[in-house]
Amino acid sequence: MEPLIITCAPVGGEVMPDQTPHLPVTPQQLGKTAAAIRAAGASIIHVHCRNDDGSNTHDVARFAQAYGEIRSASDLIVQFSSGGAIGMSPQERSAPLSLKPEMATLTCGSVNFGDDIFENSFPIMRGILAAMKTYDIRPELEIFDKGHIANARRLAKEGVLSLPQHVDFVLGVPGGMEATVENLCQLVADLPPGCTWTVAGIGRMQLHLALVAIAMGGHVRVGLEDNLYYSKGELATNEALVARVARIAKEAGRPVATPEQARTILGLGAMRRPQGDAIGAA
Ligand code: ZN
């Protein structure tokens, strides 16, 4: 089997600092987190940004600072969220892509998200894909429901998305597909040929679905964006969640990918650094 790519989503857009003291809020904290999760076995960092008070932001200068801090602390593959937080406009969600990270997420359809709606209409998806094309960014397709795979096929048929791509199954969001082994197997079976995949289980299912992905030859996403707890009642750190998956994978005879190996598996080019104007924007 291929080496295991561990993605860490250390902060997300919804969890607030009053829920855990371990959330990296500032660009400096994201840099420190990058070094710690790299040492623990991660090869991709999935990036959201916060203001100093913990509120959400998709401000380009803030992303530029975070990208700079992460890159000076590690060789991780840097993947920006284009999902942002519920209620952000599509323009706001796409703006940081101008910093040319190696990867960015594309959520492949709308989904209920608790009492809210995470809106990803076809025009929104086409707009985000156009920005990714402009800045030569590889999408990671976020799949919250089985119909989202059909949406990706439709975008490919239109010619705005090339397939195969790397896919992330986000399972267990209240409103999306439930985090079960049966659902994961159905989704994997429906993938377009040649796609690689990661699973991000929400809450306590993060570990369960990671175990299944390690055995199936898929890849794993962990982190506080998706799960706050290491075990019942015990708050997690990002690095502890990564280290546990790396440890289990090694026990199972599955080596853990370095960022360079992950770039090869995903067909990415050489590691990117923040551009001069990006640093200037910080
Ligand atoms: Zn995210």
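Helices and strands here are DSSP runs, numbered from the N terminus. With those labels, Pro-164 can be placed in the loop between α5 (147-158) and β10 (166-171). Keep in mind as you look around that this is a predicted model. The points below visit a zinc site, a pair of packed helices and a few backbone spots worth finding on screen.

**The zinc site**

- Start with the zinc ion, whose protein donors are His-46 (NE2), His-48 (NE2) and Glu-225, the last of which appears twice through OE.
- These donor atoms lie 2.1 to 2.6 Å from the zinc ion.
- Along the chain, the donors follow the spacing H-x1-H-x176-E.
- Are His-46 and His-48 buried or exposed? Both of these histidines are buried.
- The angles among the four donor atoms run from 53 to 132°, and the site is classed as irregular.
- Why is it not called tetrahedral? Four donors earn that name if all angles lie between 85 and 135 degrees, and the range at this zinc ion begins at 53°.

**Two packed helices**

- Two packed helices are described by the angle between their axes and the distance between the axes.
- Here, helix α1 (residues 27-40) packs with helix α2 (residues 60-73) at an angle of about 30°, and their axes are 8 Å apart.
- That angle makes α1 roughly parallel to α2, because angles under 35 degrees count as roughly parallel.
- The crossing of α1 and α2 is right-handed.
- Which residues meet where the helices pack? From α1 come Pro-27, Gln-28, Leu-30, Gly-31, Ala-34 and Ala-35, and from α2 come Arg-62, Gln-65, Ala-66, Glu-69, Ile-70 and Ala-73.

**Backbone spots to find**

- Most residues other than glycine have a negative phi, and most peptide bonds are trans.
- Now return to Pro-164: a cis peptide bond joins Leu-163 to this proline, with omega at about 5°.
- Lys-100 is not a glycine, yet its phi is positive, at about 55°.
- You can find Lys-100 in the loop between α3 (90-94) and β6 (103-107), and with a relative accessible area of 30% this lysine is partly exposed.
- Asp-136 also has a positive phi of about 55° without being a glycine.
- Where does Asp-136 sit? Look in the loop between α4 (122-134) and β9 (138-143).
- Asp-136 counts as exposed, at 53% relative accessibility, because exposed means over 50%.

Conventions
Residues numbered from 1 in each chain as written. Predicted model: local features only at pLDDT ≥ 70, side-chain atom pairs only at ≥ 80, totals over all residues. Heavy atoms only, no water. Donors = N, O, S within 2.8 Å, 3.2 Å for Na, K, Ca; no water. Tetrahedral: all angles 85-135°; square planar, octahedral: opposite > 155°, others 65-115°. Buried < 20%, exposed > 50% of the residue type's maximum accessible area, 1.4 Å probe, protein only. Axes fitted to C-alpha atoms, helices over the stretch in contact; angles between N-to-C directions. Helix = DSSP H or I, 4+ residues; strand = E, 2+ residues; numbered from the N terminus. Parallel < 35°, antiparallel > 145°, perpendicular 65-115°, else oblique. Left-handed = near helix turned anticlockwise from the far one by under 90°. Contact = heavy atoms within 4.5 Å.
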